[in-house]
Amino acid sequence: MSPDAFTHPLLAGDSATVRRLASGSTDPRSVAALAFAHILDSDFDAAIAIATSAPPVAEGSIAALEINAVRILGNAMAGTSQADLGELSDRVAASGPLRLQEGAWAVCMVGEAGMSTGRLDVAERVALRLVEVLPPEDPHRVFAGQTAARALLFQGRLPAAAELATQTLPLASRHDLVALRLVLRGTLAYIAALREDRDALRECVDEVESFAGACPPGYLVSGAFVLSAYALAAAGQGVRASELLLAGAGGPELTALQNLDRAYGYELLVTAALTTSDLAAARAWADRAATVPTGSSEMTAAALHRITARIAVAEGDHRTSAALAEIAAELAHGTSGHLDATRARLMAGSALLHDSDPAGAQARLRDAGVDATQMGAASLSMLARRDLRSIGLRFTGVAQEPMSRREREVAEFVLAGSTNAQIARALGVSERTVHSHVSGVLRALGVPSRAALATGLGMDEAPSADSWALLTPRQQDVARLVSRGYTNDGIARELRVSAKTVEKHLGDCYRRLEVDSRAAMTARLNGR
């Protein structure tokens with residue numbers, strides 16, 4: 001069987017065709033292809049066994065490269081030791097163009113092994129090197145391109161990742177590599193969510209969902225679902241993200257996912273459960289996550305630390321949560337995973353904020369905010385700004401005197417447009433007391449008037465007029481009261497309607513804004 005016969009089914013993720021072509025063959029390259037078919041089916045132990053038992057091959061041959069690459073990839077996806085990955089990737093990166101072209105499929109496997117272990121540096125170096133030397137229409141450029149784009153994304157290099165993914169999409173279509181196209185779309189979906197480009201996010205996720213059924217099942221399509229689910233979660237659509245993840249991951253055990261993606265998947269499920277205040281479900285998902293082996297992957301270990309940190313916050317142990325998030329940030333930073341490191345520092349800052357440590361919170365939130373801004377991750381920088389505002393601090397510039405808890409509450413009412421009389425009624429205090437608190441807010445922020453309050457809190461960006469326009473006038477009334485902290489019963493009393501009517505309006509707001517929590521709705525409407 002000619003090695004060229006395997007090219008399209010291997011790149012298309014068509015394990016059934018690969019099995020048929022390689023069945024019964026003792027040719028080393030056929031054996032390597034058969035092992036990869038098992039990887040496509042998420043049967044990593046079988047893939048490792050097949051690759052390990054391959055017949056002897058000449059050292060330095062392309063067959064040897066393919067056997068070693070698929071063995072290392074199988075181990076990477078199973079979460080076992082990867083002592084050989086660095087050495088093999090160094091040899092591959094140092095190879096000449098002709099050698100790389102001849103062994104293109106194996107080089108793709110080495111790059112993918114880098115992603116599977118969280119070695120973003122290996123994935124980027126190997127995959128981009130292959131993209132550079134391959135002819136413009138070589139289909140292997142699609143596989144290498146999607147690997148490199150994902151590596152760039154998790155390094156926080158969003159513009160470069162978006163450019164490469166966008167450039168690779170047409171080639172995926174020309175070669176009918178639908179599964180790889182969906183991985184590219186999932187990558188672009190996550191980038192769109194980080195940039196708060198909801199139209200692009202919707203388009204990418206819709207394509208993944210619409211065309212997944214046209215692809216052979218396997219880890220490529222599952223990977224596209226994971227990326228899309230993370231994109232939805234980043235956009236505040238946690239429930240839909242969970243549904244999409246479970247649909248593409250083989251159910252609650254996430255059996256269709258490689259080891260690192262399982263850790264990320266459980267983190268998403270824990271976060272979504274906590275969004276709906278279901279601590280019992282979050283703990284159950286965390287227990288499943290604890291069974292995921294970390295192997296030699298620091299990114300897997302970082303994800304598991306973030307999960308434990310989230311549970312600690314939900315249980316009120318903010319100090320422990322901050323410590324765990326700090327560890328997660330260091331682990332991710334050590335593998336150039338700057339996107340995950342920034343997310344973890346945001347978690348640490350938020351935890352310290354609730355632990356009454358404004359100085360510690362300020363340092364972490366500002367660092368994370370600066371990094372997020374440099375990446376172009378608007379959704380993360382807005383989280384930093386939101387938490388800094390809550391303690392009366394600007395995103396940039398010198399620190400101000402922190403506000404008291406009551407002053408922060410009054411500041412939110414003022415930002416929402418409430419008069420002193422309205423604030424007094426809502427808080428059950430006198431107007432004189434409110435006036436005193438407003439004066440304290442202005443002093444803390446160093447601004448002269450209520451009108452300048454938004455600027456003092458770093459809220460120069462205006463609320464999203466487009467988002468408000470999606471709501472009816474009555475839905476806008478409900479949303480404004482939600483943003484001021486009113487419960488459903490409080491909103492019902494204020495608007496003189498039933499609590500059931502409020503629930504209906506709130507559900508309609510969620511659907512129109514494509515969010516699934518009060519916090520996510522408020523953040524979108526207020527441009528945070």
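Here are some questions and answers about the predicted model shown above.

Reader: Happy to dig in! How many helices and how many strands are there in the chain?
Author: Let's start with the overall picture, remembering that the model is predicted. Buried residues account for 58% of the 528 residues in the chain. As for secondary structure, the chain has zero strands, and its helices number 31.

Reader: Among contacts between residues at least 6 apart in sequence, what share joins residues at least 24 apart?
Author: Good one, as it looks at how the chain meets itself. Taking the contacts between residues at least 6 apart in sequence, those that join residues at least 24 apart make up 64%.

Reader: What share of the area that the chain exposes do carbon and sulfur atoms supply?
Author: The chain exposes about 21000 Å² in total. Of that area, carbon and sulfur atoms supply 53%.

Reader: Let's go inside, then. What is the volume of the largest cavity?
Author: The search covered the whole structure and found four cavities of 30 Å³ or more. The second largest cavity has a volume of about 40 Å³. For the largest cavity, the volume is about 270 Å³.

Reader: Which helix gives the most residues to the lining of the largest cavity?
Author: The lining has 21 residues, and those nearest the centre of the cavity are Met 115, Arg 150, Phe 154, Leu 227 and Asp 261. Two or more lining residues come from each of helix H8 (104-116), H10, helix H14 (219-234) and helix H16 (259-275). With seven residues, the helix that gives the most is H14.

Reader: How many charged residues are in the linings of the largest cavity and the second largest cavity?
Author: In the largest cavity, the lining includes 13 nonpolar and five polar residues, together with three charged ones. The second largest cavity is lined by 13 residues, with Ala 76, Gly 79, Ser 116, Thr 117 and Ser 297 nearest its centre. That second lining has two nonpolar and 11 polar residues. The charged counts are therefore three for the largest cavity and, for the second largest, none: "no charged" residues.

Reader: How far apart are the end C-alpha atoms of helix H10?
Author: Helix H10 covers residues 140-154, and 14 of its 15 residues are buried. Just after H10, Gly 156 has a positive phi of about 85°. At 1.5 Å a residue, the 15 residues of H10 should span 21 Å, and this agrees with the distance between its end C-alpha atoms, 22 Å.

Reader: And which residue with a positive phi follows H30?
Author: H30 is the helix of residues 499-513, whose end C-alpha atoms are 21 Å apart, in agreement with the expected 21 Å. Its buried residues include Val 502, His 505, Tyr 510 and Leu 513. After H30 comes a residue whose phi is positive, near 60°: Glu 514.

Reader: Is Leu 254 buried or exposed?
Author: Most residues other than glycine have a negative phi. Leu 254 is not a glycine, yet its phi is positive, about 55°. Leu 254 sits in the loop between helix H15 (238-248) and H16. Its relative accessible area is 0%, under the 20% cut-off, so Leu 254 is buried.

Reader: Last one: is Arg 496 buried or exposed?
Author: Arg 496 also has a positive phi, near 60°, and is a residue other than glycine. Its place is the loop between helix H29 (488-495) and H30. Since its relative accessibility is 76%, over the 50% cut-off, Arg 496 is exposed.

Conventions. Residues are numbered from 1 along each chain as its sequence is written. This is a predicted model: local features need pLDDT of at least 70, side-chain atom pairs count only at pLDDT 80 or more; totals for chains, interfaces and linings use all residues. Side-chain values use heavy atoms; hydrogens and water are left out. Helices (H or I, at least four residues) and strands (E, at least two) are DSSP runs, numbered from the N terminus. The expected span of a helix is 1.5 Å times one less than its number of residues. Buried means under 20% relative accessible area, exposed over 50%, partly exposed in between (1.4 Å probe, protein chains only). Contact means heavy atoms within 4.5 Å. Accessible areas come from the Shrake-Rupley method with a 1.4 Å probe; for residues, only the protein chains shown count as cover. On a 1 Å grid over the protein atoms alone, a cavity is a set of points where a 1.4 Å probe fits but cannot get out, and a pocket is an open set with protein on both sides within 12 Å along at least five of seven lines; lining residues have an atom within 4 Å of a point. Grid points are joined across faces, edges and corners, and a volume is the space filled by probe spheres set on the points. Ala, Val, Leu, Ile, Met, Phe, Trp, Tyr, Cys and Pro count as nonpolar, Asp, Glu, Lys and Arg as charged, and the others, Gly among them, as polar.
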